[in-house]
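Colleague: I am new to this structure and would be grateful for a close look at a single part of it, the largest pocket. Please place that pocket in its wider setting as well.

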Amino acid sequence: MPTPHISAPDGAFAPDVLLPGDPRRATRIAETFLDGAELVTEVRGILGYTGTYQGRPMSVMATGMGMPSATIYTTELIRHYGVKRLVRVGTVGGIHEDLQLGDVVAASAAHTDSAMTAHRLPGVHYSHAPSFALLRAAAEHADASGTPLRVGPVLTSDAFYQPDETLVPRLAAYGTLAVEMEAAGLYAVAAAEGVEALMIGTVSDHVVRGEFLDADDREKTFAGMVSVALGALTRA
């Protein structure tokens with residue numbers, strides 16, 4: 001049955017779902033990569049589609065920005081629609097000196113400055129980690145397709161405009177690749193609900209160097225990221 005935030009009927013979503021933040025990117029992914037994609041939900045302008053990819057059912061649904069929004073939609077997808085594997089596809093801000101604009105990153109861990117997981121497990125500094133099967137499949141697909149993929153930890157932050165200017169260089173010194181706003185929440189929900197999840201992102205800006213892609217270039221570079229995500233879902 002429809003949930004407070006998803007209007008789709010039972011069975012409307014495939015077991016595998018891609019999760020962009022932007023509803024317009026959900027539409028573009030559905031139109032570009034899926035066959036026979038149909039709109040199945042549009043509550044509050046958060047769009048979700050289901051079609052097929054290489055003959056297998058596949059869905060894509062936006063989550064909005066930040067962990068509170070993402071965890072609402074992922075929890076409802078899992079509990080009410082039987083979704084088993086979720087791959088976030090979005091933009092990240094590069095902080096490691098080796099990253100370039102347009103690079104694709106897979107988050108092997110997600111640090112966070114949020115208290116959301118602390119409320120789940122008081123007294124524990126929980127390690128947010130993806131499905132190893134999905135991460136391995138993403139790396140294998142990237143190698144086979146010749147798509148450069150950087151694998152490493154990211155920071156999931158509650159603050160887009162970070163007030164602590166010392167945080168980014170300190171994280172980079174510990175090997176953190178990028179900063180974004182959803183991965184830790186997604187990984188925590190997946191672990192709690194017993195499903196698989198992975199975050200794959202495109203470097204849309206470099207926080208340290210002050211470089212960034214404009215809106216048009218961001219849309220042009222998303223294909224590699226989505227291809228790796230779909231490859232992971234079809235290989236794992």
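**The largest pocket and its surroundings**

Modeller: Of the 236 residues in the protein, 51% are buried. The model is a predicted one, and its chain forms 7 helices and 10 strands. Its radius of gyration is 17 Å, close to the 18 Å given by the globule rule for 236 residues, so the protein is as compact as a globular protein of that length. The C-alpha trace spans about 45 × 40 × 30 Å along the principal axes. Of the contacts with a separation of 6 or more, 77% join residues that are 24 or more positions apart.

Within this setting, the largest pocket has a volume of about 950 Å³. It is lined by 33 residues, and those closest to its centre are Thr91, Phe160, Ser204, Asp205 and Arg218. Several elements contribute to the lining: helix H1 (23–33), strand S5 (85–94), helix H5 (167–173), strand S8 (178–180), strand S9 (196–206) and helix H7 each supply at least two residues. Strand S5 provides the largest share, with 5 residues. By class, the lining comprises 16 nonpolar, 8 polar and 9 charged residues.

The second largest pocket offers a useful point of reference, with about 290 Å³ of space. Its lining consists of 16 residues, of which His111, Thr112, His125, Tyr126 and His128 are the closest to its centre. Helix H5, already named for the largest pocket, also supplies at least two residues here, as do strand S6 (104–112) and helix H3 (116–120). Strand S6 gives the most, with 4 residues. This lining divides into 8 nonpolar, 7 polar and 1 charged residues.

The nonpolar interior completes the picture. In soluble globular proteins, nonpolar side chains tend to be buried together. Here the largest nonpolar core has 66 residues, and Phe13, Leu18, Leu77, Val87 and Ile200 have the most contacts inside it. Helix H7 (residues 215–235) gives the most to this core, with 8 residues; helix H7 is also among the elements that line the largest pocket. A second, separate core has 5 residues, including Ile95, Leu155, Val168 and Leu171.

Phe13 may serve as an example from the largest core. Beyond its neighbours within four places in sequence, Phe13 is in contact with Ile6, Ala8, Val40, Thr41, Thr50, Ser59, Met61, Leu77, Tyr81 and Val83. One of these partners, Leu77, is itself listed among the residues with the most contacts inside the core.

Methods
Residues numbered from 1 in each chain as written. Predicted model: local features only at pLDDT ≥ 70, side-chain atom pairs only at ≥ 80, totals over all residues. Heavy atoms only, no water. Core = buried A, V, L, I, M, F, W, Y, C linked by side-chain atoms within 4.5 Å. Buried < 20%, exposed > 50% of the residue type's maximum accessible area, 1.4 Å probe, protein only. Contact = heavy atoms within 4.5 Å. 1 Å grid on protein atoms, 1.4 Å probe; cavity = no way out; pocket = protein on both sides within 12 Å on 5 of 7 lines; lining within 4 Å. Points joined across faces, edges and corners; volume = space filled by probe spheres on them. Nonpolar A, V, L, I, M, F, W, Y, C, P; charged D, E, K, R; others polar. Rg over C-alpha atoms; globule rule 2.2 N^0.38 Å.
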